[in-house]
Amino acid sequence: MANKLLKKENIGKLIEALNNEGSVFVAPTNPTSIPPLKKGDTGGFVVYAPVAKAEEIMFDYIIPRNSFKEFLFPQTEPIAAFTIGKEGVDMKGVEVNPKETVIFGSRPCDAASVASLRAVFNWDFKDEFYNRREDKAVVMTVACTKADDSCFCTTVNLTPDTPNGSDILLRETTDGYYAVEAITDKGKKFIERFANIFSSKPQAPSLQPIADVKPIAGIDVKKIKEWLKDTKHYENPLWQELARKCIGCGACTFACPTCHCFDIVDEGSAYEGERIKNWDACQFEFFTLHTSGYNPRDTQYKRWRNRFMCKFNFYPSKFSSRGCVGCGRCIRVCPVRLDITEVMEEISKL
Amino acid sequence: MENTLRQKAKELLEKGDVKVVIGFGWNNRKTRTTPVFITKPEDADKLIFNPLCVNNLSLYLTRKFADIKALGKPAIVAKGCDIKTIAVLISESQLKREDVVILGMVCSGVVYKQELWKGVGTDFKSVPTDIMPTKCHNCDVRNPHIADVVVGEKTTFMPPDVPSGMVFDKIRELDKKSGAERWDFWIEHFNRCIKCYACRQICPLCYCERCIAEKNMPQWIETSAHLRGNLAWNLKRAMDLTGRCTFCGECERACPVNIPLNLVNQKLALVVRKAFEHRAGYDEKVHPPMIVFNMEDQEDFIK
């Protein structure tokens, strides 16, 4: 269905049309308020954020620092409001009515993570907060023409132009346009809705080559899963060794497009307040602390092991979607450079 | 330099003087440095030292790392700036001087972030000044000031009399602004906080067994990443480091959303220096001013 073309100069029109309808347009951008890493460096910090005009979009980027999961599963989200009076507690649920959110410039790995989030938020309980947001989201992915040394999508069997999870897949052409392919019905309808913005493509466009991301030799995801499944490896001293340097922050989990754990807290006064859902991280010491005082994951390696198990064993065993999409964010943001692919290599060797 | 370091580490492990050497090594692809824990003499060759060795490894000497403590007495590869933190840890009774062997590295500056070392090559003799953090430009401990062994040839580098560099420039710029403007500046930055607590976890001086951010009966600091919660967390973190922070810059380096935490910490350090004539990390026998009572203390900074 690669029969349309999107000109970069038409993106402004698309944003305007969407904003006029009350929709949100999210794209890779470099907020000017964020200080550069060093003098003269402006490209180091690209994030997915709502933009009001095309000039705010960064077209030259590898991958934004954040994943776009915050637009489907906000970091902090009120789910109920309560008042406490003489007659007791009055609690009202928050009805979530999200705006249509177009995520332009998603990367294929990020798009692939949507299926992972959907799986976990619909596994037993149907999470309306997530589902309604995802239903209103249109994922417009741009296939990668560049990668960095943390990218490892091909190692987890994805590609820099994989269509999984995208509603629309865009491929950059050599003359600076996007070749447009509708992947889902939602994407098709979106293109039809903005027929004046997506122009017809006369002939086969000349596409830019996609990024050359070589699978890391020596990593075998199937083998890792089998090794992890074998419970006798759970207490292997290797875990302690591999995760010794982990400092227990939540940078990896919060940057991760598939990490989805949250905590529920009440905030407010003694008389009224809100019940709020906040991102939580299995890397935090108190994540598994029981009321009794017992903590089954009492040291950091056990917490790190859990995250790894979640990605490569629990998740693929429970759902058909993947736990890790190979975006490499956890590697980029880790303050101690605990590289998940090095652990994958180590376990593949066993 | 690396050879001397490896040789020394090997000796310490062979003799059994230490059970673990906490140092820097390469990642598998030799593109980034990463903390390593050497327990066998034959692994000492994995140790490296170059301008990519940005981490302040003294973090691993704190009680947050019980499993590293369990390995036995450590030796640590430390730059002068890292040694400052060790000095504060000692002054705060977190460890005794004799509990650690300090392998002090003569340093000619490191990079602000490892990913900035692009196309500079593998000759690590000098660091381009534009990718060096402010702390290195003003460093007066390039020759380690407290160490059991000093590795490397003595440097004659002298820091400028007036602190210079992006952090100090920015502080001076902010100082000129009105309170309302400064407030706006910080609100904008703290608003971005994602509450991952990387700043706390990477900080060698954040060693509380239970951080106030995790005390929830009552919840002193809201865990939500809304402005109220973010502001409360960042102010609390800054205040806790007042008079203690040695400007190692690890919090800012670790922050995944680039909050300029060095500005907060260094501003507070300047205030403490003026009020108490104290600079953290130079003498392990001197207690930080906030934990001692002194009748002579000035209070004119309280406004």
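A salt bridge is a side-chain nitrogen of Lys or Arg within 4 Å of a carboxyl oxygen of Asp or Glu. In this predicted model, A:Lys232 and A:Asp230 fit that description, with their side chains meeting at 2.8 Å from N to O. The two partners are not covered to the same degree: A:Lys232 is exposed, because its relative accessibility is 62% and the cut-off is over 50%, while A:Asp230 has a relative accessible area of 27% and is partly exposed. Side chains of opposite charge can pair when their charged atoms come close. Over all chains, the count comes to 40 salt bridges.

Another of these pairs is formed by A:Arg118 and A:Asp135, whose side chains meet at 3.1 Å, N to O. A:Arg118 belongs to helix H2 (residues 108-121) of chain A and A:Asp135 to helix H3 (residues 128-135) of chain A, so the salt bridge ties together parts that are 17 residues apart in sequence. Both ends are partly exposed, A:Arg118 at 30% relative accessibility and A:Asp135 at 48%.

A further salt bridge joins A:Lys277 to A:Asp127, and here the closest N and O atoms are 3.4 Å apart. This pair links distant parts of the chain: A:Lys277 lies in strand S12 (residues 272-279) of chain A and A:Asp127 in the loop between H2 and H3 of chain A, 150 residues apart. Are these two residues buried or exposed? A:Lys277 has a relative accessible area of 3% and is therefore buried. A:Asp127, at 7%, is buried as well. The two residues also take part in a network of salt bridges, in which A:Glu77, A:Asp127, A:Arg133 and A:Lys277 are linked.

Charged pairs are one feature of chain A; a nonpolar surface patch is another. A:Ile84, A:Val89 and A:Met91 make such a patch, of about 260 Å². One of them, A:Met91, is in strand S5 (residues 88-93) of chain A. With a relative accessibility of 37%, A:Met91 counts as partly exposed.

Chain B offers two asparagines to look at. B:Asn27 sits in the loop between strand S1 (20-26) and strand S2 (33-38) of chain B. Its relative accessible area is 5%, so B:Asn27 is buried. Which backbone atom lies 2.8 Å from a polar atom of the side chain of B:Asn27? It is the backbone nitrogen of B:Thr31. Leaving aside residues up to four places away in sequence, B:Asn27 touches A:Arg337 and A:Glu342 in chain A, along with B:Arg32 and B:Thr34 in chain B.

The second asparagine, B:Asn230, is part of helix H8 (residues 227-240) of chain B. Its relative accessible area is 0%, and B:Asn230 is therefore buried. The side chain of B:Asn230 reaches the backbone oxygen of B:Phe190 at 3.1 Å. B:Phe190 is also among the residues that B:Asn230 touches, and the others are B:Asn191, B:Cys193, B:Lys195, B:Ser224 and B:Ala225, again without residues up to four places away in sequence.

How values were computed. Residues numbered from 1 in each chain as written. Chains lettered and ligands numbered in written order. Predicted model: local features only at pLDDT ≥ 70, side-chain atom pairs only at ≥ 80, totals over all residues. Heavy atoms only, no water. Helix = DSSP H or I, 4+ residues; strand = E, 2+ residues; numbered from the N terminus. Buried < 20%, exposed > 50% of the residue type's maximum accessible area, 1.4 Å probe, protein only. Polar contact = N/O pair within 3.5 Å; in protein donor to acceptor, adjacent residues only side chain to side chain. Contact = heavy atoms within 4.5 Å. Patch = residues over 30% accessible without salt bridge, like charges linked within 9 Å, V, L, I, M, F, W, Y side chains within 5 Å. Areas by Shrake-Rupley, 256 points an atom, 1.4 Å probe, with all protein chains shown as cover.
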